[in-house]
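Subject: The model you asked about

Hi there,

Here is the structure I promised to send over. Have a look at it first, and then read on for my notes.

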Amino acid sequence: MPVPTDPTTHQWFGTFQSQFKTRQELARVDHVFGPRWSVFGRFLNDTIPTKEPGGLFTGAALPGVSNTSTNSPGRSWVVKSVNVFTPSFIMEAGYAYSYGAIISRLDGKISSSKSTITTPLPFTVTLGRIPATSFTSGASTVTGFGPYDDFNRNHNVFANLSKQFRRHTIKFGFTYNHYQKTENAGGNNAATFNFNTNGAVTTGLTGTALADARFQQTWANFLLGDVNTFTQASLDLTPDIQTNQLETYVQDSWKVHPNLTLD
């Protein structure tokens with residue numbers, strides 16, 4: 001760590017560079033086979049690589065500790081066919097697939113692969129991250145989030161038909177969606193230690209001297225392993241959520257009179 005910017009408050013001020021990039025590829029094809037059949041297809045691909053010097057969802061203060069590299073890709077396929085069976089009977093049908101994700105990895109020293117810290121813990125750590133450490137005296141917390149994987153996928157099949165009978169135009173169809181989401185917690189499976197000011201002698205102290213005494217005692221408790229509280233999640237839970245949704249509709253547009261239509 002560099003020397004504090006303010007020697008009185010022991011605060012250090014610095015600037016950090018983040019990164020935000022984006023790239024998109026889009027391809028579309030429309031083809032007419034004849035007066036009764038046409039097709040449409042589209043492919044869309046997004047990549048959004050970013051770097052977070054304070055960590056994804058964290059914004060931690062210590063330089064080089066909680067850094068993460070993240071990508072938020074997206075992908076989409078759409079295929080649609082329009083069929084004219086007769087001048088009064090038309091069908092539109094298709095399939096759409098969409099995918100989105102947040103994929104984040106640890107770049108800072110809180111990563112187990114970049115740290116020499118080994119701490120015996122009651123539960124196995126699967127996140128590859130050293131424990132977080134917090135202090136009640138105002139010192140910056142050693143913390144982080146991840147590795148984190150959030151995946152979302154949706155399959156959609158749809159069809160819309162239109163048939164005209166004299167004064168009636170009947171429209172009917174359906175849309176079906178199968179949605180899946182998986183997302184790991186990325187939280188406290190790595191464990192958290194808290195150290196407080198227990199044991200500090202503060203009689204007669206005020207202002208800066210009081211703050212210094214509390215911090216020094218907290219730091220001493222940390223060095224001695226005198227833990228105030230300890231928490232750890234036994235697992236990094238990853239739910240797998242799936243849902244199916246089916247919607248149908250029927251609509252009749254009835255031209256009761258040249259200037260009156262009833263739906």
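A salt bridge here is a side-chain nitrogen of Lys or Arg within 4 Å of a carboxyl oxygen of Asp or Glu. One such pair is K181 with E183, where the closest N and O atoms are 3.7 Å apart.

Before going further, please note that this is a predicted model, in which local features need pLDDT of at least 70, side-chain atom pairs count only at pLDDT 80 or more, and totals for chains, interfaces and linings use all residues. Residues are numbered from 1 along each chain as its sequence is written, and side-chain values use heavy atoms, with hydrogens and water left out.

**Salt bridges**

Side chains of opposite charge can pair when their charged atoms come close. By the rule above, the count comes to seven salt bridges. K181 also forms a salt bridge with D150, with the closest N and O atoms 2.9 Å apart. That pair links distant parts of the chain, since K181 is in strand β10 (residues 168-183) and D150 in strand β9, 31 residues apart. (Helices, H or I of at least four residues, and strands, E of at least two, are DSSP runs numbered from the N terminus.) D150, K181 and E183 are thus linked in a network of salt bridges.

Are these residues buried or exposed? K181 and D150 are both buried, whereas E183 is partly exposed at a relative accessible area of 26%. Buried means under 20% relative accessible area, exposed means over 50%, and partly exposed is in between, with a 1.4 Å probe and protein chains only.

Another salt bridge joins D107 and K51, whose closest N and O atoms are 3.8 Å apart. D107 lies in the loop between β7 (89-106) and β8, and K51 in strand β4 (residues 49-52), so this pair ties together parts that are 56 residues apart in sequence. D107 is partly exposed, with a relative accessible area of 31%, and K51 is partly exposed too, at 38%. In the loop that holds D107 you will also find I110, which is buried with a relative accessible area of 0%.

**Strands β8, β11 and β12**

In a regular strand the side chains alternate between the two faces of the sheet. In strand β8 (residues 132-135), A132 and S134 point one way and T133 and F135 the other, and all are buried. β8 pairs with strand β11 (residues 192-195) in the parallel sense over four bridges; two strands pair if DSSP finds at least two bridges between them. A132 stands opposite T192, and S134 stands opposite N194. β11 is also joined to strand β12 (residues 229-231) by three bridges, and these two run antiparallel. There, F193 stands opposite F230.

**The largest pocket**

The largest pocket holds about 1,400 Å³ of space. On a 1 Å grid over the protein atoms alone, a pocket is an open set of points where a 1.4 Å probe fits, with protein on both sides within 12 Å along at least five of seven lines, and lining residues have an atom within 4 Å of a point. Its volume is the space filled by probe spheres set on the points, which are joined across faces, edges and corners. Which residues are closest to its centre? Of the 43 that line it, they are L62, F135, A139, S140 and W219. β8, β11 and α1 (207-224) each supply at least two lining residues, and the largest share, seven residues, comes from α1.

**A surface patch**

Y95, V157, F174, Y176 and L246 form a nonpolar patch on the surface, with about 420 Å² of accessible area together. Patch members have over 30% relative accessible area and no salt bridge, and nonpolar side chains (Val, Leu, Ile, Met, Phe, Trp, Tyr) are joined within 5 Å. The areas come from the Shrake-Rupley method with a 1.4 Å probe, and for residues only the protein chains shown count as cover. V157 is in strand β9 (residues 148-165) and is partly exposed at 34%.

**Backbone points to check**

Most residues other than glycine have a negative phi, and most peptide bonds are trans. F57, in the loop between β4 and β5 (68-71), has a positive phi of about 65 degrees and counts as exposed at 57% relative accessibility. A191, in the loop between β10 and β11, has a phi near 85 degrees but is buried at 0%. Finally, a cis peptide bond joins G146 and P147, with omega about -5 degrees.

Best wishes

Terms used
Patches are made of residues with over 30% relative accessible area and no salt bridge: like charges are joined within 9 Å, nonpolar side chains (Val, Leu, Ile, Met, Phe, Trp, Tyr) within 5 Å.
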